Amino acid sequence: MDLAIAKESQQEHLLSPEAITTANVLRKKSNDSLASESIYYLDPSEHFRPEHKSPEEYRIYTINQDDYIQKRVFDTYRLMHTNQTLEFARNRLHHWTRFDKLKMTIMDALENLNCLVDESDPDVDLPNIIHAFQTAERIREAHPDLDWFHLTGLIHDLGKLMAVYGEPQWAVVGDTFPLGCQVAKSVVYAEQTFMDNPDTTNSDYNTEYGIYQPNCGLKQVVMSWGHDEYMYQVLKNHPDCSLPEQAFYIIRFHSFYPWHTGGDYYHLCSKHDLHMLPWIREFNKFDLYSKTPEIPDIPKLVPYYQSLIDKYIPGLVSW
Ligand SMILES: [Fe+2]
Ligand SMILES: [Fe+2]
């Protein structure tokens, strides 16, 4: 199994646990198969990794063009904030919700995600599957009885599969924000990255409410296109998905930092959104601060999570 190869590969390199934590573990996708041989190598950017981070050090978005990770993050947001328009997001929703791309189980989808390093994330340079298991395990420690919450942690970023299948990272990863209305100040790099976005000069879209009514509810709002909305749509489309509403909500809005952390866009929220907000905030603790360098023993964890998948999202899922 691919994950077993990954684990073995770490051992083969005779890396001490400490050395593993500082290794930038990247996996290269082979041309013919997404789930083939794993290749690990050390990366000189290791000193940017979160080994010694305290909570207040996460999500620091500065612009230092000499810093490889910071530059990568800034470039991803610049492209996102230039190209994410209301029309673009509506188009991508239409394209990806045809669900005619492939059929794959949740566990296979997780393995596919092993290829991906999130270019918008200043805190982590590990393949996403490690982040998935780290998040799930942290939630499990804190909420042992909420098995649906463990599974939510595991799958929350699965929508990033779009990047493996050709969607540019700026339309997959990173924080999301509402389209069709004014960009709030708390959006990352709001002042430096929107000047070439045509929606910002469209008078129908560039007011506080834009195309929306006061307190219309986030479900009426078109968010910038990304992995949150896609995964929400994938689950909604799966006839046998029995996750509770909180799980759907967390998956759909966990990247909406300008709202759940920045405190903006409350004027678009319904009572229901405010009712759900504590769940997003609870989830966010584990999503953010689980980005530590310890590599979870994934093969050992697979049986437990497979049982949750069988319970809540069984069978082949359409992507
Ligand atoms: Fe995410
Ligand atoms: Fe995440």
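Of the 319 residues in the protein chain, 57% are buried, where buried means under 20% relative accessible area, exposed means over 50% and partly exposed lies in between (1.4 Å probe, protein chains only). The structure is a predicted model, in which local features need pLDDT of at least 70 and side-chain atom pairs count only at pLDDT 80 or more, while totals for chains, interfaces and linings use all residues. Residues are numbered from 1 along each chain as its sequence is written, chains are lettered from A and ligands numbered from 1 in the order in which they are written, and side-chain values use heavy atoms, with hydrogens and water left out.

The secondary structure of the chain comes to 14 helices and two strands; these are DSSP runs numbered from the N terminus, with helices being H or I over at least four residues and strands E over at least two. Contacts (heavy atoms within 4.5 Å) often reach far along the chain: among those between residues at least 6 apart in sequence, 79% join residues at least 24 apart.

A good place to start is the pair of iron ions. The iron ion (ligand 1) has Asp-157 (OD), His-227 (NE2) and His-254 (NE2) as its protein donors, at 1.9 to 2.2 Å. Donors here are N, O and S atoms within 2.8 Å of the metal (3.2 Å for Na, K and Ca), and water is not among the atoms, so sites may look incomplete. Along the sequence, these donor residues follow the spacing D-x69-H-x26-H. Asp-157 sits in the loop between α7 (147-155) and α8, and His-227 in helix α10, so this pair ties together parts that are 70 residues apart in sequence. Both Asp-157 and His-227 are buried.

Asp-157 also bridges to the iron ion (ligand 2), with 3.7 Å between the two ions. For the iron ion (ligand 2), the protein donors are His-131 (NE2), His-156 (NE2), Asp-157 (OD) and Asp-287 (OD), at 2.2 to 2.3 Å. The four donor atoms subtend angles of 78 to 167 degrees, which makes the arrangement irregular. Four donors would count as tetrahedral if all angles lay between 85 and 135 degrees; four count as square planar and six as octahedral if opposite donors are over 155 degrees apart and all others between 65 and 115, and anything else is irregular. The donor spacing is H-x24-H-D-x129-D. Because His-131 belongs to helix α6 (residues 128-142) and Asp-287 to helix α13 (residues 271-289), the pair ties together parts 156 residues apart in sequence. His-131 counts as buried at 5% relative accessibility, and Asp-287 is buried with a relative accessible area of 5%.

Helix α4 (residues 86-96) has Leu-86, Phe-88, Ala-89, Arg-92 and Trp-96 as its buried residues. They cover an arc of only 165 degrees around the axis, which puts them on the same side of α4; the arc is that of the directions from the helix axis to the C-beta atoms. Exposed Glu-87 and His-94 lie on the face turned away from that buried side. The cover over the buried residues includes α3 (68-83), α8 (161-164) and α10 (227-237).

Finally, the largest nonpolar core has 89 residues, of which Ile-106, Ile-155, Leu-243, Ile-313 and Trp-319 touch the most other members. Such a core is a set of buried Ala, Val, Leu, Ile, Met, Phe, Trp, Tyr and Cys residues joined through side-chain atoms within 4.5 Å.
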